Amino acid sequence: TIASGSDDNTVRLWNAMTRRPLGSSLTGHTGPVWSVAWNPNGKTLASSSEDNTIILWDMIINPPIGVHLTGHTGTVWSVSWSPDGKTLASGSGDNTIRLWDATTRLPLGSPLTGHSGAVYSVVWSPDGKTLASGSKDNTIRLWDTTTRLPLGSPLTGHTGINNMVFSPDGKTLASGSEDNTIRLWDVASGDLLGDPLKGHKNTVKNVAWSPDGKILASGSDDKTIILWDMDTRQPLGQPFTGHTDSVWSVTWSPDGRTLASGSEDNTVMLWDVDAATGQLVQSSSEALTLRACRIANRNFTRAEWTQYMEGKRYRATCPELSTLKD
């Protein structure tokens, strides 16, 4: 399931295979929804909004029921779950970061302060020991999640940090910025790792690391997506094009073979990526069949094929498997 938040004040859920909406939109926010994040257990979805609130949606109930978290006095630009799913972090236009208890749904202590501008991005390290925050004040701060104190001095060099992501091993932090570049940071030392990644022609809105750590995806105001080889730090082929406006968000599927992108053009696009080369799987029919095989790990029954494959002729979902079975 894919979740998306929009300027229309709603959250939508999508079937990743059929690419169709799941039920009605989730309503409750009174302003644009800027961030959505799944709890690792898949039972709760967090959404944050320009209405200064966060909603936690109980995904076990059908339809989902949302509970508002209040306390921020500015737009809540970003929400991120700790790896154990017990704590939610939020970054806001009030220049603060708040931590929330997932069970009680109450704030954990006082807000984290130090930024002098809106906090556009918050993200947890894979081990849950560090929280990174990126701000309009052109700095990134690293926080010890146990002591709630800053780790060293702020990281500087960017102009306006829009989004950040930790590498899967937690050793590197990538950040996208209004200066059209991506920077890589050594988490332990806070040092910049090499030269900025340059290729976008406008603001880098979002960055996402593939689950295997080999590819970094970036979305930009230049309407494109670039995949970066993390060994060479060079683009993998040509930018992905298809959106007709700014690409605000990119995120990988857990298997690293599909990239989802959300855009100012009011659409979400799914890109099937060859994990070995970082290139697109071009055929939409082939892509849909590949996705079906990855999810089911077997051939579809005829009933499943009819339900999910949109009228296409019945054939082997996983060609390498033996015979078709009903």
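**Salt bridges, core and surface of the predicted model**

A salt bridge joins the side chains of Asp272 and Arg19, with an N to O distance of 3.3 Å; the term denotes a side-chain nitrogen of Lys or Arg within 4 Å of a carboxyl oxygen of Asp or Glu. Asp272 belongs to strand S24 (residues 268-272) and Arg19 to the loop between strand S2 (11-14) and strand S3 (33-38), so the pair ties together parts that are 253 residues apart in sequence. Strands (E, at least two residues) and helices (H or I, at least four) are DSSP runs, numbered from the N terminus. The structure is a predicted model, in which local features need pLDDT of at least 70 and side-chain atom pairs count only at pLDDT 80 or more, while totals for chains, interfaces and linings use all residues. Residues are numbered from 1 along each chain as its sequence is written, and side-chain values use heavy atoms, with hydrogens and water left out.

The two partners differ in burial class: Asp272 is buried, with a relative accessible area of 4%, whereas Arg19 is partly exposed at 39%. Here buried means under 20% relative accessible area, exposed means over 50%, and partly exposed lies in between (1.4 Å probe, protein chains only).

In total, the structure holds 3 salt bridges. Asp221 forms one of them with Lys205, and the closest N and O atoms of this pair are 3.9 Å apart. Asp221 is located in the loop between S19 and S20 and Lys205 in strand S18 (residues 204-209), so the pair ties together parts that are 16 residues apart in sequence. Lys205 is buried, its relative accessible area being 15%. A salt bridge also links the side chains of Arg298 and Glu304 (2.8 Å, N to O). Arg298 counts as partly exposed at 37% relative accessibility, and Glu304 likewise counts as partly exposed, at 21%.

Strand S18 also contains Val207, a buried residue with a relative accessible area of 3%. The C-alpha atoms of Val207 and Phe166 are 9.8 Å apart in space, and the two residues are 41 apart in sequence. Another pair distant in sequence is Pro168 and Gly213, which are 45 residues apart along the chain and have C-alpha atoms separated by 5.7 Å. Pro168 is part of the loop between strand S14 (161-166) and strand S15 (172-177), and is partly exposed at 39% relative accessibility.

The largest nonpolar core has 13 residues, of which Ala217, Ile225, Leu227, Phe240, Val250, Trp252 and Leu259 touch the most other members. Strand S19 (215-220), strand S20 (225-229) and S22 are the elements that give two or more residues to this core. S22 provides the largest share, 3 residues. A nonpolar core is defined as a set of buried Ala, Val, Leu, Ile, Met, Phe, Trp, Tyr and Cys residues joined through side-chain atoms within 4.5 Å. In soluble globular proteins, nonpolar side chains tend to be buried together.

On the surface, Ile60, Ile61 and Ile65 form a nonpolar patch with about 280 Å² of accessible area together. Patches consist of residues with over 30% relative accessible area and no salt bridge, nonpolar side chains (Val, Leu, Ile, Met, Phe, Trp, Tyr) being joined within 5 Å and like charges within 9 Å. Accessible areas come from the Shrake-Rupley method with a 1.4 Å probe, and for residues only the protein chains shown count as cover. Ile65 is found in strand S6 (residues 65-69) and is partly exposed, with a relative accessible area of 46%.

Asp7, Asp8, Glu50, Asp245 and Glu264 form a negative surface patch. Asp and Glu count as negative and Lys and Arg as positive, while His and the chain ends are not counted; the place of a charge is taken as CG of Asp, CD of Glu, NZ of Lys or CZ of Arg. Asp245 is in the loop between strand S21 (234-235) and strand S22 (247-252), and its relative accessible area of 30% makes it partly exposed.

Three features concern the backbone geometry of loops. Asn62 and Pro63 are joined by a cis peptide bond with omega of about 0 degrees, and Pro63 is placed in the loop between strand S5 (54-58) and S6. Asn95 has a positive phi, near 75 degrees, and sits in the loop between strand S8 (87-92) and strand S9 (97-101). Phi of Arg105 is also positive, near 60 degrees; Arg105 is in the loop between S9 and strand S10 (119-124). Asn95 is partly exposed at 23% relative accessible area, as is Arg105 at 26%. Most residues other than glycine have a negative phi, and most peptide bonds are trans.
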